[in-house]
Amino acid sequence: MHILQDAQAQALRQGLQGNVILPADDDYDSARQVWNAMVDKYPAAIVRCAGTPDVVQAVNFARQQGIRLAVRGGGHNIAGSAVCDDALVIDLSRMKAVQVDAGARRARVEGGATLADFDAAAQAHGLATPLGINSTTGVAGLTLGGGFGWLSRQYGMTVDNLDAAEVVTADGQVLQASASQNPELFWALRGGGGNFGVVTHFDFRLHPVGPEVLAGLIVYPFDQAKAVLQQYRDFMDRAPDALSVWTVLRQAPPLPFLPPEVHGREVVVLALLYTGEPEQGRALVEPLHGFGTPAGTHVGAMPYVAWQKAFDPLLTPGARNYWKSHNFSRLDDGLFDAVIAYVGKLPSPQCEIFFGAIGGATLRPAPGATAYAHRDARFVMNVHGRWDDPADDARGIGWARDYFKASAPFASGGVYVNFLTADEGERVQAAYGPNYARLAQAKRQYDPDNLFSSNQNIAPAAGEAMSFRDVLPL
Ligand SMILES: Cc1cc2nc3c(=O)[nH]c(=O)nc-3n(C[C@H](O)[C@H](O)[C@H](O)COP(=O)(O)OP(=O)(O)OC[C@H]3O[C@@H](n4cnc5c(N)ncnc54)[C@H](O)[C@@H]3O)c2cc1C
């Protein structure tokens with residue numbers, strides 16, 4: 001294990017507003033933990049930065065000392081790339097400020113804010129931008145990979161709502177990135193992950209949402225699964241962008257609106273949110289109640305921030321998690337047969353498979369408009385293997401991989417970079433898709449020595465500098 005010399009630790013602390021956590025410190029073990037308990041890394045030091053100057057100091061220190069860097073936003077990434085053995089971790093958990101300009105419908109969000117931090121500040125003004133479905137996720141990692149959630153069909157990917165960012169690059173410079181300043185860096189940040197530097201601030205556009213929205217769950221018994229999924233597919237073909245409906249297949253949690261005999265049984269859950277006036281949405285969602293005979297329903301007007309936290313109890317940190325994911329541009333009957341077969345043999349009560357419906361506004365930009373390329377993806381599937389006991393690892397991972405293979409013939413070939421696990425290096429190019437070559441050029445320009453390598457990594461392009469015209473589709 002790499003340990004900093006006393007003099008090195010002293011140099012790192014010199015002038016820092018935040019604090020440095022070393023292996024001998026009492027809080028080292030808690031500070032190195034991330035959401036996924038399968039990740040067990042021992043960094044050389046963790047720097048809890050208090051602002052952009054601290055980030056500059058930490059980046060310069062790592063580069064000058066030849067120490068690997070890792071960057072932690074919310075610590076949620078399934079691959080655990082926020083921490084790394086022997087690395088210097090730039091931990092942004094003290095940088096969570098969110099400033100909202102309600103008149104301009106803009107928000108300035110620090111690099112360590114969670115979705116809960118952002119939603120709370122924006123919803124105080126009845127505003128929001130598309131974010132994910134679990135409020136403890138970091139805004140930074142989610143945005144840098146693309147980002148999607150309940151508002152995406154209406155307002156696009158999270159990156160489609162990003163106006164600008166402040167970035168500390170590998171050479172320690174603080175750059176502003178936007179359509180007019182460092183535009184290639186701005187392009188690369190919108191889907192290229194943490195490959196290009198540490199984002200200290202994001203500037204987002206906001207939209208009027210809620211504060212009350214129509215949202216909730218409709219739960220069907222598993223023996224109706226195929227008919228429900230087929231009707232769901234047809235429904236989503238015609239659904240307006242303002243309505244988002246996801247399907248989740250899992251064992252029913254003990255929710256109060258479900259009869260006790262359903263608890264712990266396999267079910268198909270339709271989870272929905274309508275972004276418009278709740279009363280207007282009621283007629284739109286009515287057909288979803290008639291796909292069969294529901295085991296229970298809980299749909300109504302509720303605060304948007306409450307819905308943004310609705311899944312938090314199922315997604316708490318500290319469990320062992322293993323994911324597999326595909327994008328789909330359509331849902332085939334063969335896929336339904338495969339998912340029904342595998343949900344019929346879940347390896348643990350916490351495992352689930354979901355189909356997140358995007359589409360709508362996420363499909364409209366060209367694949368090269370942002371580094372996030374998957375403008376053909378209408379559904380993102382995640383196989384979420386989850387259990388507590390390490391003894392269950394092999395069985396759970398085997399189940400996820402087997403279903404992943406069984407569902408592959410129906411998938412579009414692309415994958416969401418933020419859902420890749422640590423053992424999927426061979427899928428990184430598919431995750432960046434047709435934008436990989438241009439990203440590699442940007443990587444060479446902004447991080448030629450790959451200082452930022454603890455991520456779904458883009459290798460800096462080799463050879464003479466190419467013009468971006470050479471890699472852009474004409
Ligand atoms: C329970 C759960 C639910 C999820 N739901 C959704 C969802 O609905 N929609 C969705 O789009 N995604 C979702 N995700 C995936 C999520 O987008 C990724 O896990 C994302 O990486 C989390 O961001 P983070 O800041 O918490 O990650 P971290 O683990 O802190 O960071 C991951 C990587 O991002 C980079 N990074 C983080 N912060 C910065 C920064 N400030 N500057 C530069 N690079 C940085 C680094 O490379 C780092 O290795 C979910 C994840 C979980 C665990």
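Contact here means heavy atoms within 4.5 Å. Keep that in mind for the exercises below, and remember that this is a predicted model.

**Exercise 1. Find where Phe222 sits and list what Phe222 touches, leaving out residues up to four places away in sequence.**

Start with the chain: Phe222 falls in the loop between strand S12 and helix H8 (225-238). Next, check the surface. Phe222 has a relative accessible area of 18%, and the cut-off for buried is under 20%, so Phe222 counts as buried. Now apply the contact rule: the partners are Leu249, Glu266, Val267, Val268, Ile340, Val343 and Gly344. Finally, try a C-alpha to C-alpha distance. Phe222 and Ala295 are 73 residues apart in sequence, yet 9.7 Å apart in space.

**Exercise 2. Sort residues of helix H9 into buried and exposed, then work out what the buried ones pack against.**

Take the buried set to begin with: in H9 (residues 278-285), Pro278, Gly281 and Val285 are buried. These three span an arc of only 55° around the axis, so they lie on the same side of H9. Turn to the other side of the helix, and you meet Glu279, Gln280 and Ala283, which are exposed. The last step is to look for what the buried residues pack against. That turns out to be four strands: S12 (212-221), S13 (243-251), S14 (266-274) and S15 (296-303).

**Exercise 3. Lay out the open sheet of five strands and say which strands stand at the edges.**

Read off the order: S5-S6-S10-S8-S9, with antiparallel pairing. Strand S5 (98-101) and strand S9 (174-178) each have a single partner strand, so they stand at the edges, and one side of each has no neighbour in the sheet. From one strand to the next, the twist averages 15°.

Now go through two of the pairings.

- S5 and S6 run antiparallel over four bridges, and Gln99 stands opposite Arg108 in S6.
- S6 (residues 106-110) and S10 (residues 198-205) are antiparallel too, over five bridges, with Ala107 opposite Phe204 in S10.

To finish, look at how S5 leads into S6. The two strands form a hairpin with four residues between them, and Arg105 in that turn has a positive phi of about 50°.

**Exercise 4. Place Asn161 and work out which side chain makes a polar contact with the side chain of Asn161.**

Locate the residue: Asn161 is in the loop between helix H6 (152-155) and strand S8 (162-168). Check accessibility: the value is 2%, so Asn161 is buried. List what Asn161 touches, again skipping residues up to four places away in sequence: Thr129, Pro130, Tyr155, Gly156, Asp203, Phe204, Arg205 and His207. Then look for the polar contact. The partner is the side chain of His207, at 2.7 Å.

**Exercise 5. Decide whether Cys49 is in a disulfide or in none, and explain the result for Cys84.**

Search the whole structure and you come up with zero disulfides. Cys49 is therefore in none; its nearest cysteine sulfur belongs to Cys84, 17 Å away. Approach the pair from the other end: the closest cysteine sulfur to that of Cys84 is in Cys49, and 17 Å is too far for a bond. The cut-off would be within 2.5 Å. As for their surroundings, Cys49 is buried at a relative accessible area of 0%, and Cys84 is buried at 8%.

**Exercise 6. Go through the backbone at Pro211, Asp86 and Asn182 and describe what stands out.**

Begin with omega. The peptide bond from Gly210 to Pro211 is cis, with omega near 5°, and Pro211 is in the loop between strand S11 (207-208) and S12.

Move on to phi. Asp86 has a positive phi of about 65° although it is not a glycine. Asp86 lies in the loop between strand S3 (69-72) and strand S4 (88-91), and is partly exposed, with a relative accessible area of 33%.

Asn182 is another non-glycine residue with a positive phi, this one near 45°. Look for Asn182 in the loop between S9 and helix H7 (183-189). Asn182 is partly exposed, at a relative accessible area of 27%.

Definitions and conventions:
Residues are numbered from 1 along each chain as its sequence is written. This is a predicted model: local features need pLDDT of at least 70, side-chain atom pairs count only at pLDDT 80 or more; totals for chains, interfaces and linings use all residues. Side-chain values use heavy atoms; hydrogens and water are left out. Buried means under 20% relative accessible area, exposed over 50%, partly exposed in between (1.4 Å probe, protein chains only). The arc is that of the directions from the helix axis to the C-beta atoms. A polar contact is a pair of N or O atoms within 3.5 Å; within protein, one must be able to donate a hydrogen and the other to accept it, and residues adjacent in sequence count only if both atoms are side-chain atoms. Two strands pair if DSSP finds at least two bridges between them. Axes are lines fitted to C-alpha atoms, for helices over the stretch in contact, and angles run from 0 to 180 degrees between N-to-C directions.
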